[in-house]
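Q: Could you take a close look at one part of this protein with me, and then show me what else is in the model? I am new to this, so please go step by step.

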Amino acid sequence: MTESLATDVRRMEALARELGLDFYPMDFELAPSSFMLEISVYGLPVRMPHWSFGVRYIHQLIRKSMGHSKTYEVMFPGNPGHAFLVESNSPAANTLVIAHVLGHADFAKNNQLFARFNSMTGGNIVEHAAAHAHRIESAVREFGIARVEAVLDAALALEPNIDAERELYRQPYSTVPAEPRAARAADKFQERFRDLPGARAAPAAEREPKRTPVPPHPEYDLLWFIAQYGQELEDWERDVFLAVREESFYFYPVFACQIMNEGWASYWHARLLREAAFLPHELYLSAIKLHSDVVSAYATDEQTALAVNPYHLGFQMWENVIEKEGIARARTILRDEDDFGFVRNYLDRELAENLGLFVYEARQNGEIKVASRDINAVREAILAPKFNYGSPRVAVTEVAADGSLTLVHDHQADGRGLDAGRANKVIEYIHRVWRRPVRLHTVDGDGRGLELSSQS
């Protein structure tokens, strides 16, 4: 990083703290655009190798060449946090980006969801991911690319299937069922009066030791379950599943708070730019112009944006909250909510109308029709892709005596069926590592019951 840029960082950090932002130390680095593209695809500076990232890379490269995607920075929360700025950024872009990153850093330290997951991963996921990549590369050298890739295929296919309500580091299920409360109470009563004169103890009934079924309840953390209970998995294979799971836990708050987080960072980069008296006037004007582009709804008077820009929506929502309820209330909302609570509680009818939000239907002939402007329908349409990491909610419900695995798709909570072709491919991946029959109960796109199974 140049001395000039380092000076800009110090000045902006001092101003941010003066205005009340609270964040862990941030490391800023300049990176070439090719490396930034890799980071945006892999999600981390160093990550386990897999062909699927190559597919994503080509997709991003095409989008970038068509002008549909431009990356100015990538920021990784932690203590310390890491931020990479594109070497080719203009001075105005870097000024805005530094302020934007500090907004992200404040959000990551003070939002309860980020804080919880940061605590579970130890606050240094970049180093953990590098260690994961090193161990997987060692496995490739020892066991061959084909075997390692087969395990990664299965683990990454299930990457969204964690249980974000549970802890990262979990103990196996208890093997002994808890004694019913009523039975414990009865035993205490009998113990109290067992020594009455003339009383004879009843012969003890012989009871076979009971074991809890596996799983004892529907288990939605498929990565954890397979790593824990896949009887034929080797240690290195379990390690792959747990590595993918740890990284998925790290990414969850980024996904679940995207609207809040990008909106908060956009609000603060705009405010920091306004308050930064040390900025030359021309630089300020260029940075504010860039801000307008970032928080645009991507629509003109003749066009309608059919996808929500999280920067635009989040920025407008935070401005609305702060204007009506003040910055202290905004910080309480930041602490307690994720996107689900934020959108449901703070996207009001007036703001939705001002932003022109609606639910639409796309017909087969290409026609777009407005289906609803009802505020509740709009909120749920925005949030629907965020439910369960945007993936079908599937649980392990039974491991049979022969080791076969039964999965059930919670289609009622999802509100959708499954594409049989894609679901069969995932079942095939799971079967490779479970090495016993795998069955999945779901519904098709028309809501009809459907059972899919591995070929074994």
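A: Let's start with the labels: helices are DSSP runs of H or I with at least four residues, strands are runs of E with at least two, and both are numbered from the N terminus. With that naming, α2 is the helix at residues 33-42, and the residue that follows α2 is G43, which has a positive phi near 85 degrees. Within α2, the buried residues are M36, L37, I39 and V41.

Please keep in mind that this is a predicted model. The protein has an average pLDDT of 86, and 85% of its residues reach at least 70. Confidence varies along the chain: among the elements, helix α14 (residues 327-336) has the highest mean pLDDT, 98, and helix α8 (residues 181-192) the lowest, 50. Over residues 299-303 the pLDDT stays under 50, and the model has two contacts for this stretch beyond four places in sequence.

The whole protein has 19 helices and nine strands. Of its 456 residues, 45% are buried. Among contacts between residues at least 6 apart in sequence, 73% join residues at least 24 apart.

Now for our close look, which is strand β7 and its surroundings. β7 covers residues 405-409 and belongs to an open sheet of four strands, in the order β6-β7-β8-β9, with mixed pairing. At the edges are β6 (394-399) and β9 (449-453), each of which pairs on one side only. From one strand to the next, the twist of this sheet averages 25 degrees.

Take the β6 side to begin with. β6 and β7 run antiparallel and are joined by five bridges. You can pick out individual pairs: V396 has L407 of β7 as its bridge partner, while V399 has L405. The two strands form a hairpin with five residues between them, and G403 in this hairpin has a positive phi near 90 degrees.

Next, turn to β8 (438-443). Here β7 and β8 pair in the parallel sense, over four bridges. L407 appears again, this time standing opposite L440 in β8. So that you can picture the side chains along such a strand, remember that in a regular strand they alternate between the two faces of the sheet.

Helices lie across this sheet too. α9 (residues 222-229) lies across β6 and β7 and runs at about 25 degrees to β6. α19 (residues 420-434) lies across β6, β7, β8 and β9, at about 35 degrees to β9. β7 is named in both of these arrangements. How enclosed is β7 by the rest of the structure? Four of its five residues are buried, so β7 is largely enclosed.

For comparison, have a look at the sheet of three strands. This sheet is open as well, with the order β1-β3-β2 and mixed pairing. Its edge strands, each pairing on one side only, are β1 (26-31) and β2 (73-76). The twist here averages 15 degrees from one strand to the next. β1 pairs with β3 (residues 81-86) in the parallel sense over six bridges, and M26 stands opposite G81 of β3.

One residue to find on your screen is I98, in helix α4 (residues 91-110). With 1% relative accessibility, I98 counts as buried, because the cut-off for that is under 20%. Beyond its neighbours within four places in sequence, I98 touches L5, D8, V9, M12, F28 and L85. F84 lies 14 residues from I98 in sequence, and their C-alpha atoms are 9.9 Å apart.

Finally, here is a pair of helices. α6 (residues 125-143) and α7 (residues 145-157) have axes that come within 7 Å and cross at roughly 135 degrees, and α6 and α7 are therefore oblique to each other. On the α6 side, I136, A139, V140 and F143 make the contact, and they meet I145, R147, V148 and L152 of α7. Sorted by class, this contact has seven nonpolar residues, one charged residue and no polar ones. To help you see how residues on a helix can face a partner, recall that an α-helix has 3.6 residues a turn, so residues three or four places apart point the same way.

Conventions: Residues are numbered from 1 along each chain as its sequence is written. This is a predicted model: local features need pLDDT of at least 70, side-chain atom pairs count only at pLDDT 80 or more; totals for chains, interfaces and linings use all residues. Side-chain values use heavy atoms; hydrogens and water are left out. pLDDT is the predictor's confidence in each residue, from 0 to 100. Contact means heavy atoms within 4.5 Å. Axes are lines fitted to C-alpha atoms, for helices over the stretch in contact, and angles run from 0 to 180 degrees between N-to-C directions. Angles under 35 degrees count as roughly parallel, over 145 as roughly antiparallel, 65 to 115 as roughly perpendicular and the rest as oblique. Ala, Val, Leu, Ile, Met, Phe, Trp, Tyr, Cys and Pro count as nonpolar, Asp, Glu, Lys and Arg as charged, and the others, Gly among them, as polar. Buried means under 20% relative accessible area, exposed over 50%, partly exposed in between (1.4 Å probe, protein chains only). Two strands pair if DSSP finds at least two bridges between them.
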